[in-house]
Amino acid sequence: MDKLEVKHNPRSIINITDLTVEEIDHLIKTANDIIENPEKYQDICAHKKLATLFFEPSTRTRLSFTAAMMELGGNVIGFSEASSSSAAKGESVADTIHIVSLYADIIAMRHPKEGAPLVASEHSEVPVINAGDGGHFHPTQTLTDLLTISRKKGGLNNFTIGFCGDLKFGRTVHSLIEALMRYKGVKFILIAPPELRLPKYMKEKMNAAGAEWKEYEKLEDAMPDLDVLYMTRVQKERFFNEEDYVRLRDSYILTLDKLKPAKKDMIIMHPLPRVNEISVEVDSDPRACYFYQAHCGKYIREALILYLLGLK
Ligand code: CP
């Protein structure tokens, strides 16, 4: 048979639920090993190519994928905006992916339309990793968060996590809750204004999984109980009027003063970018973990690339 005609059926990661708990634990173990022994991995992806197809802006996800592949000895091709690809001429996602999958061994793709990476995976000859699709999923952010929590808290069981801010539209919040519901003894505290509470379908999922959760409107009320505080950006674009946005945005600015009742070993996370929901004075507090978290993102993406390429 003509080698160029061979069809493949690759494994893609569109949602965090595409990975079993055992697979997530394996990825965390690999990421930790890469952190400890980077030299073991420096040539493992020699002659392999990652395509980063970003139809939407990114700093952390795109550049950490790029750095990850380079540290594994591989190469990176791709684009950082749709306008520099033939999408600008009207090419469909399906055709773009079909073509790129003939040139690369693995694809990381971000797209503003929910479901686009799933469509892409159906037309790809190589694994597709969803690097964020609209307000839908962002599985590698969730893996990043899980690696961060496991390293800082010694595991993923038996702790209390507070999610604060925009819990209605935040894709990182929904994915992390879905992942943590599968671990033991994780308690969820949901801190949001009525307009931005966690959607009903997510609460139903938590109930079905037997997860323990409470809802608060004020961050101060939840603070003393938290082992992990996961801040999110209150999204101006979702509000019906400017006045409501300013009122709610200001109520969730994390300051050193608001941290006074928090546990000494609590960790503060944020997927970033932040706008003004964490005051820069908090950056020097030992509990601030969001830059560390972004660093973890590179290593867990290395682990995921290796896993999907069948190299680890
Ligand atoms: N957290 C995150 O996805 O950041 P970027 O949008 O910069 O990739």
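How many nonpolar, polar and charged residues does the lining of the largest cavity have? That was my opening note today, and I am working from a predicted model.

**Entry 1: the cavity**

I searched the whole structure for cavities of 30 Å³ or more and got one. It holds about 40 Å³ of space. Then I went through its lining: Arg233, Val234, Tyr245, Arg249, Val275, Asn276 and Glu277. Back to my opening note: by class, that lining has three nonpolar, one polar and three charged residues. I marked Arg233 in the list, since I met that residue again in the next entry.

**Entry 2: the largest pocket**

Next I looked up the largest pocket, which has about 590 Å³ of space. I find 26 residues in its lining, and Arg171, Arg233, Gln235, Leu272 and Pro273 lie nearest the centre. Two elements give two or more residues to this lining, helix H2 (60-71) and helix H6 (171-180). Which of them gives the largest share? I checked, and H6 does, with three residues.

So much for helices; I also wanted the domains. Domain 1 (3-138 + 297-308) and domain 2 (140-294) each give at least three residues to the lining of the largest pocket. For the classes I wrote down six nonpolar, twelve polar and eight charged residues.

Arg233 is the residue I keep coming back to: it is among those nearest the centre of the largest pocket, and it also lines the largest cavity.

**Entry 3: the second largest pocket**

I moved on to the second largest pocket and noted a volume of about 290 Å³. Its lining includes Lys3, Leu4, Val6, His8 and Pro10. Ser101, Leu102, Ala104 and Asp105 are in the lining too, along with Glu125, Val126 and Pro127. Sorting these by class, I get seven nonpolar, two polar and three charged.

**Entry 4: a nonpolar patch**

Last, I went to the surface. Which residues make the nonpolar patch of about 380 Å²? My list reads Ile77, Ile99, Leu102 and Tyr103. Helix H3 (residues 93-103) gives the most to this patch, three residues. I looked up Tyr103 by itself and placed it in helix H3.

Leu102 ties this entry to the one before: it is part of the nonpolar patch, and it also lines the second largest pocket.

**To revisit in the viewer**

I'll go back to Arg233, listed for both the largest pocket and the largest cavity. After that comes Leu102, listed for the second largest pocket and the patch.

Notes:
Residues are numbered from 1 along each chain as its sequence is written. This is a predicted model: local features need pLDDT of at least 70, side-chain atom pairs count only at pLDDT 80 or more; totals for chains, interfaces and linings use all residues. Side-chain values use heavy atoms; hydrogens and water are left out. On a 1 Å grid over the protein atoms alone, a cavity is a set of points where a 1.4 Å probe fits but cannot get out, and a pocket is an open set with protein on both sides within 12 Å along at least five of seven lines; lining residues have an atom within 4 Å of a point. Grid points are joined across faces, edges and corners, and a volume is the space filled by probe spheres set on the points. Helices (H or I, at least four residues) and strands (E, at least two) are DSSP runs, numbered from the N terminus. Ala, Val, Leu, Ile, Met, Phe, Trp, Tyr, Cys and Pro count as nonpolar, Asp, Glu, Lys and Arg as charged, and the others, Gly among them, as polar. Domain bounds come from an automatic or database domain assignment. Patches are made of residues with over 30% relative accessible area and no salt bridge: like charges are joined within 9 Å, nonpolar side chains (Val, Leu, Ile, Met, Phe, Trp, Tyr) within 5 Å. Accessible areas come from the Shrake-Rupley method with a 1.4 Å probe; for residues, only the protein chains shown count as cover. A salt bridge is a side-chain nitrogen of Lys or Arg within 4 Å of a carboxyl oxygen of Asp or Glu.
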